[in-house]
Amino acid sequence: MKQTFDEIKEKLKQFVESGEDSYFSSSINSLYSQLVNHFPEIPDVRYPFDELQSYSHQLEVAEHDEIQKYYLLCLQRLAVLESKAEQAGAV
């Protein structure tokens, strides 16, 4: 799962730097599958994941200053999810 978190961070960074779609949405969907299917269950991931998904969609259509804003919001939500996964022993 750590690899997926790192992959998403890198793809988001590439998107912000180059403006080209790096398919971070598919990596985010993969992360969701890993989070909800992990045993033991990782508690309270739905809300921060929904926020991550929302912010990543906003990032795809953002312009100018909003790009950095949504990029940072995505990174913050990823950090929350990664912390929850670490607490559950998934990372």
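**Exercise 1. Find out whether R46 is buried or exposed, and describe its salt bridge.**

Step 1. Start with accessibility: R46 has a relative accessibility of 47%, so R46 counts as partly exposed. Here buried means under 20% relative accessible area, exposed means over 50%, and partly exposed lies in between (1.4 Å probe, protein chains only).

Step 2. Now look for a partner. R46 forms a salt bridge with D50, and the closest N and O atoms are 3.4 Å apart. A salt bridge is a side-chain nitrogen of Lys or Arg within 4 Å of a carboxyl oxygen of Asp or Glu.

Step 3. Place the pair: R46 and D50 both belong to helix α3, four residues apart, about one turn of the helix. Helices (H or I, at least four residues) and strands (E, at least two) are DSSP runs, numbered from the N terminus. D50 is partly exposed too, at 31% relative accessibility.

A note before going on: this is a predicted model, in which local features need pLDDT of at least 70 and side-chain atom pairs count only at pLDDT 80 or more, while totals for chains, interfaces and linings use all residues. Residues are numbered from 1 along each chain as its sequence is written, and side-chain values use heavy atoms, with hydrogens and water left out.

**Exercise 2. Work out which parts of the chain the salt bridge of K2 and E82 links.**

Step 1. Check the distance: the side chains of K2 and E82 meet at 2.9 Å, N to O.

Step 2. Locate the ends. K2 lies in helix α1 (residues 2-18) and E82 in helix α4, 80 residues apart, and the pair links distant parts of the chain.

Step 3. Compare the surroundings: K2 is partly exposed at 39%, whereas E82 is buried at 8%.

Step 4. Widen the view. Salt bridges that share partners join K2, D6, K9 and E82 into one network. The count of salt bridges comes to six. Another one joins K11 and E7 (3.4 Å, N to O); these two are four residues apart in helix α1, so about one helical turn separates them.

**Exercise 3. Determine how α1 and α4 are arranged, and what makes up their contact.**

Step 1. The axes of α1 and α4 come within 11 Å and cross at roughly 175 degrees. Axes are lines fitted to C-alpha atoms, for helices over the stretch in contact, and angles run from 0 to 180 degrees between N-to-C directions.

Step 2. α1 and α4 are therefore roughly antiparallel (angles under 35 degrees count as roughly parallel, over 145 as roughly antiparallel, 65 to 115 as roughly perpendicular and the rest as oblique).

Step 3. List the contact (heavy atoms within 4.5 Å): K2, F5, I8, K9, L12, K13 and V16 of α1 meet I67, Q68, Y71, C74, L75, L78, L81, E82 and A85 of α4.

Step 4. Pick out L75: beyond its neighbours within four places in sequence, L75 is in contact with K9 and L12, and L75 is partly exposed at 26%.

**Exercise 4. Describe the packing of α2 and α3.**

Step 1. Helix α2 (residues 24-36) and helix α3 (residues 46-61) pack at about 175 degrees, with axes 11 Å apart. That makes α2 roughly antiparallel to α3.

Step 2. The contact includes F24, I28 and L35 of α2, and R46, F49 and L52 of α3.
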